[in-house]
Every structure is written in structure tokens, then in C-alpha cells.
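Work through the following exercises with the coordinates open, and check each step of the solutions against the atoms.

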Amino acid sequence: MDLSLVIPVYNRPDEVEELLRSLSVQSDMDFEIVLVEDGSTLPCKDRVEQFQFPRIQYLYKENSGPGPSRNYGMERACGDFFVILDSDCVLPPDYISAVKRGVAQTDCDAFGGPDCASADFDDMQKAVSYSMTSFFTTGGIRGGGEKMDKFHPRSFNMGISRAVFEKTGGFSQMRYGEDIDFSIRIMKAGFKTVLLKEAWVYHKRRTDMRAFFRQVNHSGAARVELTRRHPGTLKFVHLLPSLFTLGCALLLLGFFASALFAVAFFLFPRPELGSAAGATLAALLFLAPLCLYALLIFGDACARNGVKVARLSVRTSFVQLWGYGSGFIRALFS
């Protein structure tokens, strides 16, 4: 198998250097690198020139987004099997070996692999990684498992044969959700798609809460567009973040209304209408489900990453679900 790694990049020279460094210590060095600079104003060419890979292409093009850039790279790659990676990934030393072994054993036409956090990630990166991979958020329907929905490879760690690319035409012009759209089209074309759990990557997302919310909000909106493009692909599980968002809104509305009644009954007692104690109890009952969910997230994240990251993970998990859910609702009614 002749492997070509296709990596689009936009203004991320530091990330590219980390990714290339991890590629320079692979146990199997028989692969081609095709790095596509997507109109960056902070190019990474000088970082690329620091490494002496036997086969590497550095390509610069006008900005068009990640999907068309991946297609641009695959059109110019020499291999018969392409691996698509995001520039913010870092690979374990046996990644290439795991890909070649997994593709040979499964005889697949396309694959996806999971992502995880490395011990040297900062607290925010670990918290975001937790919220993107945990079963208690939406991790079961992403690239790391088949627990909640049919598995679709995601473009941060995805492989396809040249035959798949030539028959499907590659990624669409969609800005968000383009990898799921591509996966659906691959399956509709009759190609064999698998999850290679051994071909995992460290996904080193550089983000903050606001940027993370925007990212997942766009992903939620993209699910509506995917449903329009591929009728019948929307499953109940895809509605869960929206239901969670609406449920949170109703619980918070009930909490604040009950709290206002509690204050009003305390200041102006009306026994025939209720009591401050009763309204306070109602407010606590409205808040209880959210607190229980937060405790569940905190306990699970604490067992994995410690108390400090667990506190952040509660925030990122709520942000992820609210962001995705609100994006879905916004796109549904826009």
C-alpha cells in the first residue's frame, strides 16, 4: 500500500511543526506527505523545510476551505490510499503501522479513527477533548465509537482509497459537516467503511470557550443541511442536544420563576397562594436535574483527568450540548 497523508492548513505553522515532528519518528516511514496551505497569511513553509522527509509536497493555493483543499491535495498525491488529517493532530509513533495493518486486515475502502488527549495537553484542551469524546455528551456519535449511531469517519483522522476519491469526487463545498456528507456518500456508493480503533490520534485543539461554542454551533446547524442533502439520515440521537438545550431552558425558567415567587412570598406573605418555603423547594427541584448531570460529568471527568480538568469539563460539556443544540434549532427554523 502506497500511503499519502493529506493535510490542509490555514495559519497554523506551530501546529504543523508538531504534526511533522510526530511524523518524523514513525516506526514505519514509508509514506508521502501532501501539505496544502489554504491561502494562509502565516505560511508554514519554513517549518516544513526543517524536516527531511523522503517524500513531501508543499502546495500553496488560494483560500477555499478545508474540503476543497483536501481534494486539491488528493488530486496531486501519488499514493493509492489517502489519509486525511487535521493540522492540530499529533500522531503516536505506530500510527502509520496501525493504519496499514488495519486496512490490510479489514480490506476496507475507507476508515475513520478515534482521537484522545495527551498527557501534555493543557487543561482546556483536555476538557474539550473530554466533552468531544465522552459517552455522556456526544462522543458516542463522533469518530471514536459506534455506541449511539452508525459510524461515520471524521476528517481529523480519515482514510480513503483512490478509487473512493475518483468515484465520489471527494469532499463537497460544505464548510461544516462536509466530512459526514462525504462519509454518507461513500457508504451510498457501496464502499466498505470501518472504524480502526488502533489508528488513533492526539487531537490538540487550540480553542477557548467562545471559539468552542461557535464550532459546535456550526456543527449543529450543519446537521440540518445534512438532513436536507441526505433524507432519512436524521436519527433520534441527533436530536438529543436540542432536547437537552430546550430542557435546560425550561428548567432554568422554572427555577427563576420559583425563586421570584419565593422572594415575593417572603416579602408579602399570601398563605392562600403559597409559601416562601414551598416556592424555594420548587426552585431547588427545577435546578436538581442540571446539578445531577453536572455531578455525573464531574465524577467521570475527575476519574480520567483530575479535579481541575473536571471542573472545566463540566463547563465544556454544557457549552458543547447547548452550542450544538442551539445551532440545530436555529438552522431548523431559519
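**Exercise 1: Aromatic pairs**

Phe261 and Phe265 both belong to helix H9, where they are four residues apart, about one turn of the helix. The model in which they are found is a predicted one.

Task: Determine how the rings of Phe261 and Phe265 are arranged as an aromatic pair.

Solution. Begin with the distance, which is 5.9 Å centre to centre for Phe261 and Phe265. Next take the angle between the planes, 25 degrees; since planes under 30 degrees apart count as stacked, the pair formed by Phe261 and Phe265 is stacked. Finally, consider the surroundings of Phe265, which is buried with a relative accessible area of 14%.

**Exercise 2: A pair between a loop and a helix**

Task: State how many aromatic pairs the structure holds, and then describe the pair of Phe171 and Phe182.

Solution. The structure holds 14 aromatic pairs. In one of them, Phe171 and Phe182 have their centres 4.6 Å apart and their planes at 55 degrees, an arrangement that is tilted. Phe171 lies in the loop between helix H6 (162–168) and helix H7 (178–188), whereas Phe182 lies in helix H7, so the pair ties together parts that are 11 residues apart in sequence. Both partners are then checked for accessibility: Phe171 is buried at a relative accessible area of 5%, and Phe182 is buried at 0%. A further step concerns Arg70, whose charged end sits over the ring of Phe171, 4.9 Å from its centre.

**Exercise 3: Cysteines**

Task: Find how many disulfides are counted, and explain why Cys78 is in no such bond.

Solution. A disulfide requires a pair of cysteine sulfur atoms within 2.5 Å, and by this rule the count is zero. For Cys78, the closest cysteine sulfur is that of Cys44 at 19 Å, which is too far for a bond. Cys302 is likewise in no disulfide, with the nearest cysteine sulfur, in Cys291, lying 17 Å away. As for accessibility, Cys78 counts as exposed at 53%, while Cys302 is partly exposed, its relative accessible area being 25%.

**Exercise 4: A nonpolar patch**

Task: Identify which residues form a nonpolar patch on the surface, and place Leu246 in its helix.

Solution. The patch consists of Phe236, Leu240, Leu243 and Leu246, which together have about 380 Å² of accessible area. Leu246 is located in helix H9 (residues 236–267). With a relative accessible area of 45%, Leu246 is partly exposed, and this value satisfies the requirement of over 30% for residues that make up a patch.

Methods: Residues are numbered from 1 along each chain as its sequence is written. This is a predicted model: local features need pLDDT of at least 70, side-chain atom pairs count only at pLDDT 80 or more; totals for chains, interfaces and linings use all residues. Side-chain values use heavy atoms; hydrogens and water are left out. Patches are made of residues with over 30% relative accessible area and no salt bridge: like charges are joined within 9 Å, nonpolar side chains (Val, Leu, Ile, Met, Phe, Trp, Tyr) within 5 Å. Accessible areas come from the Shrake-Rupley method with a 1.4 Å probe; for residues, only the protein chains shown count as cover. A salt bridge is a side-chain nitrogen of Lys or Arg within 4 Å of a carboxyl oxygen of Asp or Glu. Helices (H or I, at least four residues) and strands (E, at least two) are DSSP runs, numbered from the N terminus. Buried means under 20% relative accessible area, exposed over 50%, partly exposed in between (1.4 Å probe, protein chains only). Rings of Phe, Tyr and Trp (its six-membered ring) pair if their centres lie within 6.5 Å; planes under 30 degrees apart count as stacked, over 60 as edge-to-face and the rest as tilted. A charge sits over a ring if NZ of Lys or CZ of Arg is within 6 Å of the ring centre and within 35 degrees of the ring normal.
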